[in-house]
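Biologist: I would like to learn how to read a model like this one, feature by feature. Could you give me the general idea each time, and then the case in front of us?

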Amino acid sequence: MSQQPRRRPSKPHRRPQKDPVRILAFEALRAVDERDAYANLVLPPLLRKAREGGDFDARDAALATELVYGTLRWQGTYDAIIAQCVDRPLREVDPPVLDVLTLGAHQLLGTRIPTHAAVSASVELARVVLGDGRAKFVNAVLRKIAAHDRDGWLERVAPEYDEDPEDHLGIVHAHPRWIVSALWDALGGGRAGIEDLLEADNERPEVTLVARPGRSTAEELLTTVGEDSALPGRWSPYAVRLAEGGEPGALDPVREGRAGVQDEGSQLVALALANAPVKGPDRAWLDGCAGPGGKAALLAALAAERGAALLASEKQPHRARLVARALDGNPGPYAVIAADGTRPAWRPGAFDRVLVDVPCTGLGALRRRPEARWRRRPEDLDGFAPLQRELLRQALAAVRVGGVVGYATCSPHPAETRAVVDDVLKGRGGDPVQVEWVDARPLMPGVPALGDGPDVQLWPHLHGTDAMYLALLRRTG
């Protein structure tokens, strides 16, 4: 009688090791993918809950933040690399699996985490959130990715610059091709400028505070934060930059509403409108697209110093509540209403100064919202175009003769900036409007490289701000 071969004893089943940092990062990525959420809104409450649960310290929070933002920022590049390492089209890879793979790819190619630690931690994460079967797939793919560093992979997946400049830059700097092309058109110039801009889009932006006039000063903020942890703003007299991000919500002036978090580009736009010369009285100001309230709070404080009143209007009621919260405590007269700027709740010619910071694609804030570059599509421009033009038309109708309108947008795309203003002034889609341009450049003193004017385009790589656009128009008839 033949003997059966002896079976090797099976290995005891090992429970996967839960890593709170990577689980949190995965949860944030799933929220961004499933709910079209923005990481800057999803991540803070997740981090707060983890800290309160005792699972996280400051280093854990910093790593989770880097993993989330880095993975989202470089998603397109990592997709191109992962596509070389799987045996099926990426669209056939389950989204949760792809999130784990891109999270692992970022650890391998975008951080200093050792290769073995990046792979093993990602596989353990896959076992926890995906199961053992798919964890094996993750392990195989990440080991292929680990065979080369980022530069080595870019040589393999990016076309030569001379063959296809836009596609080369898009893969090397993690931007969709259409955005590279649009930014290049807006910026002009050669390769160096566009590469500097794309690199700036991939840098973590500084956290910038604004001291609200009459309630706080930049000097107070510097003292509160401490000179070792803060720097004066580059251009705005009310700006303070926090070193290494910092925790603005923990500062007394911010908690009390005497200061806020606001990019310096947004501060410059509000200051330029407030300081533009008007002919005649200067008593009534309007912020026609006020949500979430940063510019409105600065304008209200500036208006109060001059005895003027601000009306802050926002179409969405929940955003109007944010505006009211931002303006709470302002010493001067102001009012906040929920109203549609294309259907004015005010009489024509009622205001001396009007700001419309119109809804847009947000291509000027890709540093802060890295997922937006992969979410936006060229056709989104057509969706925003009618609204942008109508908001500007109604803003020009709301200002009296001699008053000034500021048209602003957080996008450098030509279709959202000068093209909108030109169309409205030429009467396309409405009656021609009698205005004169106000040169915005002198109203941003000390700021270099503002172009030929009279409108202004700010840039992350030139000014350290979001890519804000501003056109100032004085009503003449």
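**Reading the model**

Modeller: Let us begin with Asp36, which is exposed, at a relative accessible area of 51%. Exposed means over 50% relative accessible area, buried means under 20%, and partly exposed is in between, with a 1.4 Å probe and protein chains only. This is a predicted model, where local features need pLDDT of at least 70 and side-chain atom pairs count only at pLDDT 80 or more, while totals for chains, interfaces and linings use all residues. Residues are numbered from 1 along each chain as its sequence is written, and side-chain values use heavy atoms, leaving out hydrogens and water.

Biologist: What is the phi of Asp36, and where is this residue placed?

Modeller: Phi of Asp36 is near 55°, a positive value in a residue other than glycine. Asp36 sits in the loop between α1 and α2 (39–52). Such names refer to DSSP runs numbered from the N terminus: helices are H or I with at least four residues, strands are E with at least two. Ala174 also has a positive phi, near 60°, and is not a glycine either. Ala174 lies in the loop between α9 (165–172) and α10 (177–187). With a relative accessible area of 0%, Ala174 is buried.

Biologist: Now helices. Which residues of helix α16 are buried, and which are exposed on the other side?

Modeller: The general idea first: an α-helix has 3.6 residues a turn, so residues three or four places apart point the same way. In helix α16 (residues 317–327), the buried residues are Ala320, Val323, Ala326 and Leu327. They cover an arc of only 115° around the axis, so they lie on the same side of α16; the arc is that of the directions from the helix axis to the C-beta atoms. Arg321 and Arg325 are exposed on the other side. The buried residues of α16 pack against α15 (294–305), β6 (309–314) and β7 (334–338), where contact means heavy atoms within 4.5 Å. After α16 comes Gly329, with a positive phi near 95°.

Biologist: What covers the buried residues of α19?

Modeller: The cover includes α18 (379–398), β9 (399–409), β10 (435–438) and β12 (469–475). Beneath are the buried residues of α19 (residues 418–425), namely Val420, Val421, Asp423, Val424 and Leu425. Just after α19, Gly427 has a positive phi of about 80°.

Biologist: Next, peptide bonds. Which residue is joined to Pro292 by a cis bond?

Modeller: Look at omega here. The cis bond joins Gly291 to Pro292, with omega about 0°, and Pro292 belongs to the loop between β5 (284–287) and α15. The bond from Gly453 to Pro454 is cis too, with omega near -5°; Pro454 is in the loop between β10 and β11 (456–457).

Biologist: Where does UniProt place the feature "binding site"?

Modeller: The unreviewed UniProt entry places it at ten-odd positions we need not all recite, among them Gly291, Pro292, Lys295 and Asp357. UniProt positions are given in the numbering used here, with feature names shortened, and annotations may be inferred rather than shown by experiment. Lys295, in helix α15, is buried at 12% relative accessible area. Beyond residues up to four places away in sequence, Lys295 touches Gln262, Ser266, Val269, Asp287, Leu355, Asp357 and Met468. Asp357 lies in strand β8 (residues 351–357) and counts as buried at 17%. The contacts of Asp357, neighbours within four places aside, include Cys289, Lys295, Ala408 and Met468.

Biologist: Finally, empty space. How many residues line the second largest pocket?

Modeller: On a 1 Å grid over the protein atoms alone, a pocket is an open set of points with protein on both sides within 12 Å along at least five of seven lines, a cavity is a set where a 1.4 Å probe fits but cannot get out, and lining residues have an atom within 4 Å of a point. The second largest pocket has 19 lining residues, of which Val32, Asp33, Gln75, Asp99 and Trp374 lie nearest its centre. As for cavities, the largest is lined by residues including Leu286, Trp346, Val356 and Leu391. Helix α18 gives the most to that cavity lining, with 3 residues.
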